[in-house]
Structures are given as structure tokens and as C-alpha cells.
Amino acid sequence: MDETEQTFRDGLQQAAANRPALGRVDLEEVVARSERVSAEHEPVMSRWRTALAAAAAIALVAGVGVGLWQWRSGSVPVPAVPLGQPVASPSEPAPTTSPTTSPSAPNEGLVGTQWMAVQIGAASVVRGDGQVPSLRFTEAGEVLGSDPCNSLRGSYTADGDDITLVGWESTFKYCAEPTQQQRFRDALDATVAYDIDNEGTLTLIDAQGQLALRLLPEAKFSADRLPTAVPPDGSPEPTQSPAVVEGVEVRLRNDSDVDFDRYLVVFPDGMKVELRDLVAGGTSGYFDTAQAYTYAYVQVTVDGKKYTYQPVDYMGETQLKPGRYTYALDIVDGRLQLTFD
Amino acid sequence: MFEDVGVPNASAVVKSVNPGVPGSFVEFVRAREARLLDVAWLITRNAEDAHDAVQDALVGLYARWDKLPAGDEFEAYAYRSLVNACLTVIRRRPRWLPVAEPAALRSAPVTPDAAAGLAESDEVWRLCGELKPAQRTAVVLRFFADRSFAEIAEALGCREATARSHVHRALAQLRSRLEEGQ
């Protein structure tokens with residue numbers, strides 16, 4: 001075995017051995033919650049059984065699928081019409097074996113709307129020669145859509161704000177916009193949750209809690225508002241290629257000659273990171289954020305004294321491209337200075 | 001409702017898990033809860049979250065207990081439930097890292113005899129804290145739970161190549177750090 005692998009094994013064993021006592025599993029609570037969830041889902045199940053029977057009949061009659069290309073053949077084998085179990089909990093995976101069940105409740109706001117993509121990851125959808133990527137969720141558990149060049153079909157299960165998108169198939173036409181096509185498909189593959197805000201915007205979220213896709217209802221969408229395929233340049237170049245780093249990642253470096261006991265960063269998208277111990281000359285890990293500029297709000301604490309770097313605003317600034325960046329911090333004449341590195 | 005059945009031999013319970021028998025759920029929990037909590041702790045890095053994640057996963061397992069497959073399929077299902085629960089907990093908690101936590105999470109005090117080994121394990125712990133949750137999960141499943149890449153991919157709901165990439169990138173990072181520290 002590789003020496004580094006062994007180090008990993010030993011390190012994780014050590015960490016587990018040192019974990020705090022977490023208490024035993026509360027079996028009474030497990031059973032009570034399980035039964036409560038069962039009771040709450042029972043009426044929905046009945047409705048879905050009816051819907052499923054109708055959907056299955058329609059699918060048999062339609063006999064669609066000629067010329068389709070399955071791009072995710074290695075995915076979990078969930079039936080095209082998703083089949084759930086009688087009880088759903090926020091954490092349980094989609095079933096893979098039972099043939100006798102029904103899906104969890106669909107979200108009415110999700111179903112039936114033609115959703116037009118406006119953002120993929122940290123970047124806007126760009127307007128090019130192809131069509132704007134879009135999705136439509138059906139009551140029968142299908143997702144129909146298109147990327148810039150091809151039509152798509154998959155299936156989904158929604159449970160609370162969790163969603164699983166699987167079984168994607170696509171027509172297989174040449175695409176002049178392969179990058180956007182691939183990013184759209186990767187975002188669909190990464191999606192594990194969704195949210196529809198008060199303004200009706202649908203956000204698909206990945207397992208890291210990051211925005212995978214943002215979509216608007218067709219009625220609120222205007223292609224004219226999308227940037228063109230060649231975006232204006234001028235933002236700083238990342239230290240690492242966007243091909244390697246998918247989003248914007250920022251770290252801090254302590255260029256001062258004192259240790260920071262604590263440090264707090266607030267990014268423009270509202271994300272806050274507060275950690276302790278950044279020694280003089282040390283560098284933090286990278287924090288991924290949806291939005292960042294060449295500076296941000298930073299506060300550090302040294303021997304109980306707080307030093308703050310307070311941006312006035314971000315007007316006129318260019319958002320950083322996906323990549324890795326460093327904010328270098330120093331304390332000069334009693335003031336915290338931030339230099340974009 | 002449940003009497004404590006003690007902690008039977010864990011591997012024997014795993015082999016004999018019989019989801020169709022209600023009593024075997026208690027046996028399963030008592031035999032495996034420490035391991036489940038370990039895995040959840042390593043993924044969530046927070047005591048309360050780890051406990052919540054295990055409870056959440058078990059709610060799902062109990063609800064389906066009489067319909068779950070046995071053997072390896074059961075193992076895969078159980079891990080997938082736990083990983084889903086952990087990632088859900090992480091996703092829902094505020095993106096504000098608690099300052100009080102790191103001190104509590106430190107490894108045991110360094111003693112002169114074990115200093116070198118503990119320094120490396122500290123580096124592993126620190127590195128894991130900087131990994132994204134999915135990548136950290138892949139590492140924990142690979143090097144702590146001894147899962148195959150196919151099993152990791154199933155638990156994470158990603159491609160096997162992605163699972164391999166998560167692990168290999170983490171290995172490269174750790175290797176680089178250890179070399180820097182020498």
C-alpha cells in the first residue's frame with residue numbers, strides 16, 4: 001500500500017479514536033420519527049399511485065426513445081418513472097430494487113413550468129448560436145429539456161427540498177457550444193437539492209451546497225439579458241486554470257509578523273467564514289464562494305484586539321473568474337491591509 | 001420499547017442482517033452505531049451533526065427495514081443513507097464555521113514518543129477539513145470504511161471516475177504537504 005494512503009488511514013483512525021462521545025443512538029426517537037413520516041406521506045402516496053399508473057400507460061403507448069444516447073450509463077439504476085418506498089426521510093437514497101412503490105410528493109412549483117437556465121455554477125449562461133438550456137419537470141417524474149444543441153430526457157424524484165436527477169438520455173447532434181453543453185450536463189449530474197424563492201427562481205444545488213444551476217420561469221426570462229458568447233474580459237487571471245477549479249476559491253495569507261488568533265471573511269454573496277489560528281507567514285485553506293472580487297470584508301483578532309478591512313462597496317468591480325486566489329493580509333501602522341495576490 | 005441487547009460481534013451481525021426481522025434492526029444498530037458515528041463524525045466534523053446524521057439515516061433504514069435487500073446490497077444502501085444524511089446536514093447548516101469547534105476537534109495531546117505520528121495524523125485531519133464535503137466523504141469511505149470506488153460512487157451518487165478523482169486529488173494534496181513539512 002502507498003505510504004500516503006497508509007498515512008490517511010492512520011490519520012482517520014486517530015481522528016475517530018479521538019472523537020468526542022456522541023451518545024448512543026436513540027432508538028425510540030428513530031422509531032417515532034419513522035412512524036410519523038409514514039403517516040404524513042400516506043395520502044400523497046395514494047395520489048401518486050394513480051398518477052404513476054396513468055404515466056406508465058402513456059409511456060407504453062408513446063413508445064418514445066428512438067435515437068437516444070444515454071450519457072450517464074454509470075448512474076444509479078433508477079427506473080425512468082421513479083418508484084419510491086412508502087416512507088420517505090430526508091436522508092434516504094432513492095430505492096434501487098423495490099418494484100412495488102411510489103415516488104415522493106412532487107413540488108407543485110417545480111412541475112409544469114418551462115425553466116430557462118440563466119446561470120451554471122458561478123458563470124452566467126451565455127447567448128450563442130444554440131438554444132438556451134432549459135428544463136421541464138412533469139408530474140410523471142420525467143425531466144424534459146434541452147442543452148444548447150440536444151434534447152434531453154431524464155427522471156427525477158423530489159423529497160422535500162432534496163431532488164435526484166437520473167437516467168439522462170439525449171439526442172446526439174453535433175454541438176458548436178460543447179463547453180456550455182458539458183457544464184449544463186455536469187450541473188444536472190451534481191444536483192442533489194433545489195429551492196424556489198419568492199420571486200419564482202429555481203435554484204438547483206449540489207452536494208457541497210453550491211449553486212449548480214439557476215433557472216427562471218419562461219414567462220420571466222429574456223434571452224436578451226444573457227451575455228454574449230464572448231464575454232467582456234478584464235477580470236484578474238486566476239492562479240489556477242478554471243478547468244481545474246470549477247468555482248471561485250479564495251484563501252488568506254498572513255503576511256504580518258504576528259499570529260492571527262481568529263479571522264473572519266465575509267464575501268459579497270453573504271458567505272461568512274470564521275476560523276482561528278492563522279500564524280504569521282501561514283496560509284489558510286481555500287474557501288469556495290459564489291461571488292468574489294479582489295477584496296472582501298476581513299476582520300482578524302490579535303491578542304484580543306480586532307483589526308478590520310472594511311470595503312466601502314463593490315461598485316464597478318469585476319467579479320473574479322473561476323479559479324484560485326489569495327488575499328494577502330498585513331498589519332501596517334495598526335491597520336489591516338489587504339492585497340490581492 | 002427496546003431492550004439493550006448488548007453489542008454482538010459486529011461482523012457476524014453484518015453477515016446476518018435480516019432486514020425482514022424487526023428485532024434485527026436493534027441488533028444492527030447496537031453493533032454498528034459506533035462505526036456509523038465514526039464515519040459521520042469524520043464527514044461532518046461536528047459532534048451534533050454527526051449524531052443527527054446517524055439518527056436521520058436510521059429513520060430511513062427503519063422505515064424500509066422489511067423491504068431492504070440483504071448482504072452487500074444492504075451495506076451499500078446503508079452507506080448511501082448515511083452519506084446522504086451527512087451531506088444533507090452539512091448543506092443545511094449555516095455556512096459559518098464555528099470558532100469554538102477546532103480546539104475541541106484536535107487530536108490527543110502530543111507526547112514526545114508519538115510526536116511524529118501525531119503530527120502526520122493532525123495533517124490528515126487538517127487537510128480533511130479543507131476538502132469539500134463530497135471529496136472528504138470519498139476519502140473517509142475509502143480509507144476509513146474501506147469501500148471500493150464503485151461503492152463510493154454509489155454512495156455519493158456520482159461516477160466512479162469522479163470518486164477516484166476525489167481520492168487521488170486528496171492523496172496528492174497530502175503527499176505534497178508531508179513533503180513540504182519534511
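**Exercise 1. Find which element gives the most to the lining of the largest cavity, and list the lining residues.**

Solution. H8(B) gives the most to this lining, with 4 residues. The structure is a predicted model.

Step 1. List the lining. The residues around the largest cavity are Ala76(B), Tyr79(B), Leu141(B), Arg147(B), Glu151(B), Ile152(B), Glu154(B) and Ala155(B).

Step 2. Assign residues to helices. In chain B, helix H4 spans 71-92 and helix H8 spans 149-156, and each of them supplies at least two residues of the lining.

Step 3. Sort the lining by character. It holds 5 nonpolar residues, no polar ones and 3 charged ones.

**Exercise 2. State how many cavities of 30 Å³ or more the structure holds, and give the volume of the largest cavity.**

Solution.

Step 1. Consider how such spaces are found. Empty space left between atoms shows up when a probe the size of a water molecule is rolled over them.

Step 2. Count. There are 5 cavities of 30 Å³ or more in the structure.

Step 3. Read off the volume. For the largest cavity it is about 50 Å³.

**Exercise 3. For the open sheet that contains E13 and E16 of chain A, give the strand order and explain why one side of each of these two strands has no neighbour in the sheet.**

Solution.

Step 1. Write the order. The 4 strands of this open sheet in chain A run E13-E12-E15-E16, and their pairing is antiparallel.

Step 2. Look at the edges. Strand E13 (272-278) and strand E16 (305-309) of chain A each have a single partner strand, so one side of each has no neighbour in the sheet.

Step 3. Add the twist. From one strand to the next it averages 15°.

Step 4. Examine one pair. Strand E15 (297-302) and E16 of chain A are antiparallel and share 5 bridges. Val298(A) has Tyr309(A), in E16(A), as its bridge partner.

**Exercise 4. For the open sheet with the order E14-E11-E17-E18 in chain A, state the kind of pairing and identify the edge strands.**

Solution.

Step 1. Name the pairing. The 4 strands of this open sheet in chain A show mixed pairing.

Step 2. Identify the edges. These are strand E14 (287-289) and strand E18 (335-340) of chain A, and each pairs on one side only.

Step 3. Add the twist. Its average is 30° from one strand to the next.

Step 4. Examine one pair. Strand E17 (323-332) and E18 of chain A pair in the antiparallel sense, over 6 bridges. Opposite Asp330(A) stands Gln337(A), a residue of E18(A).

Key:
Residues are numbered from 1 along each chain as its sequence is written. Chains are lettered from A and ligands numbered from 1 in the order in which they are written. This is a predicted model: local features need pLDDT of at least 70, side-chain atom pairs count only at pLDDT 80 or more; totals for chains, interfaces and linings use all residues. Side-chain values use heavy atoms; hydrogens and water are left out. On a 1 Å grid over the protein atoms alone, a cavity is a set of points where a 1.4 Å probe fits but cannot get out, and a pocket is an open set with protein on both sides within 12 Å along at least five of seven lines; lining residues have an atom within 4 Å of a point. Grid points are joined across faces, edges and corners, and a volume is the space filled by probe spheres set on the points. Ala, Val, Leu, Ile, Met, Phe, Trp, Tyr, Cys and Pro count as nonpolar, Asp, Glu, Lys and Arg as charged, and the others, Gly among them, as polar. Two strands pair if DSSP finds at least two bridges between them. Axes are lines fitted to C-alpha atoms, for helices over the stretch in contact, and angles run from 0 to 180 degrees between N-to-C directions.
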